[in-house]
Amino acid sequence: NLTVIENAKKLIKDTRGIDIDFDTMSYDEPEVFKFISTGNTSGVFQLESQGMQSFMTELQPDSLEDVIAGIALYRPGPMEQIPRYIHNKRNPQDITYKHPKLEPILDVTYGCMVYQEQVLEIVKSLAGYSLGKADQMRRTISKKKAEQMKIERQNFIYGNIDEGIPGCINMGIEESVAISIFDEINDFANYAFNKSHAAAYAFVTYQTAYLKTFYPVEYMAALISSIEDTDKINHYIINCKEMGI
């Protein structure tokens with residue numbers, strides 16, 4: 001994809017005399033998000049599959065944050081959060097938090113747990129874990145080792161003086177709320193995706209979508225020139241015809 005981007009930029013420079021510099025560009029062009037929302041994303045990094053095209057059409061992303069979250073959510077496990085994510089994006093009045101401390105951590109994803117980093121922040125903020133201990137807990141939960149998980153549940157809710165973990169109750173959180181939050185983390189931690197990876201993908205997604213939005217001829221030419229798979233070439237040629245190229 002990076003080669004396709006570079007080749008498309010060279011074609012644009014040769015044919016139109018325009019230099020495109022993604023390093024200095026802000027990633028907030030409304031037309032790009034409108035384009036992604038149409039589902040016409042054949043050849044766009046990470047958004048090629050029919051499932052992802054349908055998801056973007058339904059989601060109607062209007063920011064890079066939405067694209068990052070979309071990439072993190074569209075995989076086994078987190079997919080279960082997709083209907084809630086879409087609903088909360090459209091109906092912000094319905095967003096609820098099990099505890100006020102969750103709001104600054106989950107507001108960027110409309111109240112949904114999406115990233116590993118959010119799990120770590122929740123464990124630190126609500127139960128007083130150090131970052132190292134929080135990551136240790138996340139790894140333990142993701143391995144689903146029953147005995148270890150019992151210990152982590154106890155530590156998260158009630159604390160562990162020897163381990164230097166205050167626990168939720170000692171930090172003023174009700175037991176029932178702490179249990180509910182731990183259960184959600186427990187369900188999710190096995191599938192949580194790293195936001196930094198999703199963000200790195202999303203930047204390339206945006207760049208390919210930007211080029212297809214504003215320079216479709218040059219982008220599709222660079223894309224078709226980069227592949228040898230006849231079926232894919234035919235697929236992209238059909239897409240060109242659909243776009244009037």
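The following paragraphs lead through the nonpolar cores, one selected helix, the salt bridges and the aromatic pairs of this structure. The model is a predicted one.

A natural place to begin is the interior. In soluble globular proteins, nonpolar side chains tend to be buried together. The largest nonpolar core here has 49 residues, and the members that touch the most other members are I36, F55, Y85, Y210 and L211. Two or more residues of this core come from each of the helices α1 (2-16), α2 (30-38), α3 (50-59), α4 (64-73), α5 (82-90), α11 (195-214), α12 (216-225) and α13 (230-242). The greatest contribution is that of α11, which supplies eight residues. I36 illustrates how such a member is surrounded. When neighbours within four places in sequence are set aside, I36 is in contact with T41, L47, M56, P61, V67 and A209. A second core, separate from this one, consists of 27 residues, among them V119, L120, A127 and Y129.

Helix α3 merits a closer view. Its buried residues are M52, Q53, F55, M56 and L59. These residues are on the same side of α3, because they cover an arc of only 160 degrees around the axis. The general geometry of a helix is relevant here: an α-helix has 3.6 residues a turn, so residues three or four places apart point the same way. The partners against which the buried residues of α3 pack are α2, α4 and α5. After α3 comes Q60, which has a positive phi, near 55 degrees.

Attention may now turn to charged side chains. The structure contains 14 salt bridges. One of them joins E218 and R16, with 2.9 Å between the closest N and O atoms. Since E218 belongs to helix α12 and R16 to helix α1, this pair ties together parts that are 202 residues apart in sequence. The two partners are described by their accessibility. E218 counts as buried because its relative accessibility is 7%, whereas R16, at 42%, counts as partly exposed.

Other salt bridges lie within a single helix. K34 forms one with E31, where the closest N and O atoms are 3.4 Å apart. Both residues are in helix α2, and because they are three residues apart, about one helical turn separates them. K34 is exposed, with a relative accessible area of 53%, while E31 counts as partly exposed at 37% relative accessibility. A comparable arrangement is found in helix α9. There, the side chains of E147 and K150 meet in a salt bridge of 3.6 Å, N to O. E147 and K150 are three residues apart in α9 (residues 146-158), so they too are separated by about one helical turn. Both E147 and K150 are exposed. Salt bridges also form a network, which links D62, D66 and K89.

The aromatic side chains complete the account. A pair of aromatic rings is described by the distance of the centres and the angle of the planes. A search of the whole structure finds 11 aromatic pairs. In one of them, F55 and Y74, the ring centres are 6.2 Å apart and the planes are at 20 degrees, so the pair is stacked. F55 is in helix α3 and Y74 in the loop between α4 and α5, so the pair ties together parts that are 19 residues apart in sequence. F55, which is also among the core residues that touch the most other members, is buried, with a relative accessible area of 4%. Y74 counts as partly exposed, at 28% relative accessibility.

Y85 and Y110 provide an edge-to-face pair, with 4.9 Å from centre to centre and 70 degrees between the planes. This pair links distant parts of the chain: Y85 is in helix α5, and Y110 is in the loop between α6 (103-106) and α7 (116-127), 25 residues apart. Y85 is buried, at a relative accessible area of 0%. Y110 is buried as well, since its relative accessible area is 17% and the limit for a buried residue is under 20%.

Ring pairs further join F22, Y27, F33, F203, Y206, Y210 and F214 into a cluster. Y210 in this cluster was named above among the members of the largest core that touch the most others. Finally, a charged side chain meets an aromatic ring where R75 lies over the face of F193, at 3.8 Å from the ring centre.

Methods
Residues are numbered from 1 along each chain as its sequence is written. This is a predicted model: local features need pLDDT of at least 70, side-chain atom pairs count only at pLDDT 80 or more; totals for chains, interfaces and linings use all residues. Side-chain values use heavy atoms; hydrogens and water are left out. A nonpolar core is a set of buried Ala, Val, Leu, Ile, Met, Phe, Trp, Tyr and Cys residues joined through side-chain atoms within 4.5 Å. Buried means under 20% relative accessible area, exposed over 50%, partly exposed in between (1.4 Å probe, protein chains only). Helices (H or I, at least four residues) and strands (E, at least two) are DSSP runs, numbered from the N terminus. Contact means heavy atoms within 4.5 Å. The arc is that of the directions from the helix axis to the C-beta atoms. A salt bridge is a side-chain nitrogen of Lys or Arg within 4 Å of a carboxyl oxygen of Asp or Glu. Rings of Phe, Tyr and Trp (its six-membered ring) pair if their centres lie within 6.5 Å; planes under 30 degrees apart count as stacked, over 60 as edge-to-face and the rest as tilted. A charge sits over a ring if NZ of Lys or CZ of Arg is within 6 Å of the ring centre and within 35 degrees of the ring normal.
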